[in-house]
Amino acid sequence: MNTKEDFLNGQILLIDKPLEWTSFQAVNALKWAIRKKFGLKKIKIGHAGTLDPLATGLLIICTGKFTKKIPELQGQVKEYTGTFTLGATTPSYDLETEVNETFPTEHLTDESIQEATTQFLGEIDQVPPIFSALKKDGKRLYELAREGKQVEIKSRKIEILEFEITRIALPEVDFRVVCSKGTYIRSLAHDFGKALDSGAHLSKLRRTKIGDFNVNNATSPNVFKEKLEANTSNQDG
C-alpha cells in the first residue's frame, strides 16, 4: 500500500463514485482519510472531471505533484453507459428534476431508435443543459436555473466517436457512448428524444472509461479508506 511519500509525490487513484455522492465529496473523503492516516496538515488533491451526483463510475483523483496532470487527464476520451427514458422530458434532462412534459412513443421502432444514433456521430454542436455547473456572468447555470431565470447558452463543438444502443425495452433504452471532453450525456439524451419526435431524459449514467483507465480497476471511497486504515496494523505490527 502507498506510503505518505507516495501520496505527496503523486498518485493517480481510480475511484468508483457511488450514486448521489458529489465528485467533491469523493475527493474530500480521500483527502481526510490520507491526512488522518499520515498526520498531514494538508495535501494537494483533485479530480480530473466531474460526475453528476446521479451518475456513478470512474473518477480519477490525483494527489500531490500529480495534480499537475489533471488538465491532461481531463482532455482524454471518455466512455459512458446508461439508460435514456423516452416519452418524457425534465428541465435538467435527468432525474434531478420532475417530468415537465410527456410525448408519444407508439411510433418508435427498434430500427428508428438504432437509426437515430447516426445523426450524432462525429463532430456535432451541442448545447449544455441549463442545469449545469458552467458559469455565466459569474454565476453557475444551475443557480440561475433554480432562480427561474432564462439564460441563453451557446452551443459548443464536441465529438461522439461511438454511440450504440445496447437494449431496447420502451420507454427505456440502454446505450454506450464514447465521446470527447465537454460532452454532456444529459444533452445527448434530450437531443436524442427530439430526433425521434418524442422526448427523452437520462435516467441512469455510469462512466466506464477515461482514456486508458477503466472503472473495473477502481474502488469505492469507503473501500479505499478501509484499505488505508488496515494498512496501519501491518506497518505497526
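## A pocket and its lining

A pocket, as the word is used here, is an open set of grid points where a 1.4 Å probe fits, with protein on both sides within 12 Å along at least five of seven lines, and its lining residues have an atom within 4 Å of a point. Keep in mind as you look around that this is a predicted model.

Let us start with the second largest pocket, which holds about 200 Å³ of space. Its lining is made of 15 residues, and those nearest the centre are Leu 54, Ala 55, Ser 203, Lys 204 and Leu 205. Which strand gives the largest share of this lining? That is β12, with 5 residues. Strands β3 (55–63), β4 (78–86) and β12 (200–210) each bring at least two residues to the lining. In chemical character, the lining is a mixture: 6 residues are nonpolar, 4 are polar and 5 are charged.

## Two nonpolar cores

Now turn to the interior. The largest nonpolar core has 26 residues, and the ones that touch the most other members are Phe 84, Phe 163, Phe 175, Ile 185 and Phe 192. At least two residues of this core come from each of β4, α4 (110–116), β10 (156–169), β11 (172–179), α6 (185–195) and β12. There is also a second, separate core of 16 residues, with Leu 13, Ala 33, Ile 43 and Leu 59 among them.

Phe 84 is a good residue to click on. Setting aside neighbours within four places in sequence, its contacts include Phe 163, Phe 175, Ile 185 and Phe 192. Phe 84 is also in contact with Pro 171, Glu 172 and Val 173, as well as with His 201, Leu 202 and Ser 203, among others.

## Helix α6 and the loop after it

Helix α6 is mostly covered, with 8 of its 11 residues buried. The buried residues include Ile 185 and Phe 192, both named above for touching many members of the largest core. Arg 186 and His 190 of α6 are buried as well.

Just after α6 comes Asp 197, with a positive phi of about 55°. Asp 197 sits in the loop between α6 and β12. Is Asp 197 buried or exposed? Asp 197 counts as exposed because its relative accessible area is 61%, and the cut-off for exposed is over 50%.

## Unusual backbone spots

Most residues other than glycine have a negative phi, and most peptide bonds are trans. Asp 197 departs from the first pattern, as a residue with positive phi that is not a glycine. Glu 20 does so too: it is not a glycine, yet its phi is positive at about 75°. Glu 20 is found in the loop between β1 (12–17) and α2 (23–38), and it is exposed, with 58% relative accessibility.

The peptide bond from Leu 170 to Pro 171 is cis, with omega near 5°. Pro 171 belongs to the loop between β10 and β11, and it is one of the residues in contact with Phe 84.

## A buried asparagine

Our last stop is Asn 214, in the strand β13 (residues 213–214). Why does Asn 214 count as buried? Its relative accessible area is 19%, and buried means under 20%. Beyond residues up to four places away in sequence, Asn 214 touches Leu 14, Leu 58, Thr 208 and Lys 209. A polar atom of the Asn 214 side chain also lies 2.9 Å from the backbone nitrogen of Asn 216.

Key
Residues numbered from 1 in each chain as written. Predicted model: local features only at pLDDT ≥ 70, side-chain atom pairs only at ≥ 80, totals over all residues. Heavy atoms only, no water. 1 Å grid on protein atoms, 1.4 Å probe; cavity = no way out; pocket = protein on both sides within 12 Å on 5 of 7 lines; lining within 4 Å. Points joined across faces, edges and corners; volume = space filled by probe spheres on them. Helix = DSSP H or I, 4+ residues; strand = E, 2+ residues; numbered from the N terminus. Nonpolar A, V, L, I, M, F, W, Y, C, P; charged D, E, K, R; others polar. Core = buried A, V, L, I, M, F, W, Y, C linked by side-chain atoms within 4.5 Å. Buried < 20%, exposed > 50% of the residue type's maximum accessible area, 1.4 Å probe, protein only. Contact = heavy atoms within 4.5 Å. Polar contact = N/O pair within 3.5 Å; in protein donor to acceptor, adjacent residues only side chain to side chain.
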